[in-house]
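Hi,

Here is the structure I promised to pass on. Have a look at it first, and then read my notes underneath.

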Amino acid sequence: MTDRDPFPDPVLDPAAMRKQYRADGLAEEDLASHPMDQFARWFEEAARAAVHGTLYEPNAMVVSTVDPTGRPSSRTVLMKQYDTGGFVFYTNYDSPKARDLAHNPRVGLLFPWHPLARQVIVTGTARRTGRDETAAYFRTRPHGSQLGAWASAQSTVIASRADLDTAYTALEARYPEGEQVPVPPHWGGFRVAPEAVEFWQGRENRLHDRLRYAARPDGTWYVERLSP
């Protein structure tokens, strides 16, 4: 990198990148009583925006974990289910994120719905889904994605793309289209039970609305407004 150009191209200058949000606000009286019901409302709007091409993959979420040394890491995964019990995603149980969660099940989630000037920010605890639930979801995956779960030792170093393609081709020959692919024993789901869920709505002049549901020990929820 070079020293900062005193006259940078404004198209490329992060300091000059500025979006004035003009979305309607988010008021306490408009919220659902349960955070997952409020999430369902916003997720429906995000999904409909995706149908119209204004938002890409509304179920994409950033998952943040911490390793045993305290080093954080984040990656984007696809949320595949949500209900009153929380948010579900699937992964290789030998992956870094799964190993992190085995050590420390506390996790952060972020749904970045930028075209809607919205975010949903979740903190909670992750637990593995049962094998029956995992198998039921695995059967809904396209045949190629099922093979991919076997072919990839997620996040490990490989010699080349050719090695990955060779592994996939061998699996394709072993389990041709139409033949049932067994569920990998090293692959499965996590359900993140929320402890706090923040709904962030962009507003003018950076005076955003931030309403956060927080769980009480008895399982009920209260809402607090955060300063932007």
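Below is what I found, from the overall layout down to single residues.

First, the ground rules. This is a predicted model, where local features need pLDDT of at least 70, side-chain atom pairs count only at pLDDT 80 or more, and totals for chains, interfaces and linings use all residues. Residues are numbered from 1 along each chain as its sequence is written, and side-chain values use heavy atoms, with hydrogens and water left out.

**Overall layout**

The chain has five helices and nine strands. Helices here are DSSP runs of H or I with at least four residues, strands are runs of E with at least two, and both are numbered from the N terminus. Going along the sequence, you'll meet them in the order α-β-β-β-β-α-β-β-α-α-α-β-β-β. The C-alpha atoms fill a box of roughly 60 × 55 × 45 Å, taken along the principal axes.

Of the 228 residues, 37% count as buried. Buried means under 20% relative accessible area, exposed means over 50%, and partly exposed is in between (1.4 Å probe, protein chains only). The exposed surface of the chain comes to about 13500 Å², with carbon and sulfur atoms supplying 53% of it; areas are from the Shrake-Rupley method with a 1.4 Å probe, and for residues only the protein chains shown count as cover.

A contact means heavy atoms within 4.5 Å. Among contacts between residues at least 6 apart in sequence, 63% join residues at least 24 apart.

On charges, there are 27 positive and 29 negative ones, and their mean positions are 2 Å apart. Lys and Arg count as positive and Asp and Glu as negative, while His and the chain ends are not counted. Each charge is placed at NZ of Lys, CZ of Arg, CG of Asp or CD of Glu.

**The largest pocket**

The largest pocket has a volume of about 340 Å³. Of the 19 residues lining that pocket, Y90, T91, K97, Q154 and W187 are the closest to its centre. A pocket is an open set of points on a 1 Å grid over the protein atoms alone, where a 1.4 Å probe fits and there is protein on both sides within 12 Å along at least five of seven lines; lining residues have an atom within 4 Å of a point. Points are joined across faces, edges and corners, and the volume is the space filled by probe spheres set on them.

Which elements build the lining? β2 (72–78), β4 (86–92), α2 (96–103) and α4 (143–151) each supply at least two residues. The largest share, four residues, comes from β2.

**Helix α4**

α4 also has a buried side, made up of H143, Q146, L147, A149 and A151. Those residues pack against α3 (131–138), α5 (161–174) and β7 (187–201). Just before that helix, P142 lies in the loop between α3 and α4. P142 counts as exposed because its relative accessible area is 53%. From P142 to N205, 63 residues along the chain, the C-alpha atoms are separated by 45 Å.

**A few residues to click on**

P35 lies in helix α1 (residues 35–51). Its relative accessibility is 0%, so P35 counts as buried. Leaving out residues up to four places away in sequence, P35 touches V197, F199, Y213 and W221.

S64 sits in strand β1 (residues 60–66) and is partly exposed, at 27% relative accessible area. Beyond its neighbours within four places in sequence, S64 is in contact with S73, S74, R75, V107 and G108. S64 and L109 are 45 residues apart in sequence, yet 6.4 Å apart in space, C-alpha to C-alpha.

Two backbone angles are worth a look. Most residues other than glycine have a negative phi. A117 has a phi near 55 degrees, a positive value, and is found in the loop between β5 (106–113) and β6 (118–128). R206, also not a glycine, has a positive phi of about 65 degrees and is found in the loop between β7 and β8 (209–215). Buried or partly exposed: which is A117, and which is R206? A117 counts as buried, at 8% relative accessibility, and R206 as partly exposed, at 36%.

Cheers
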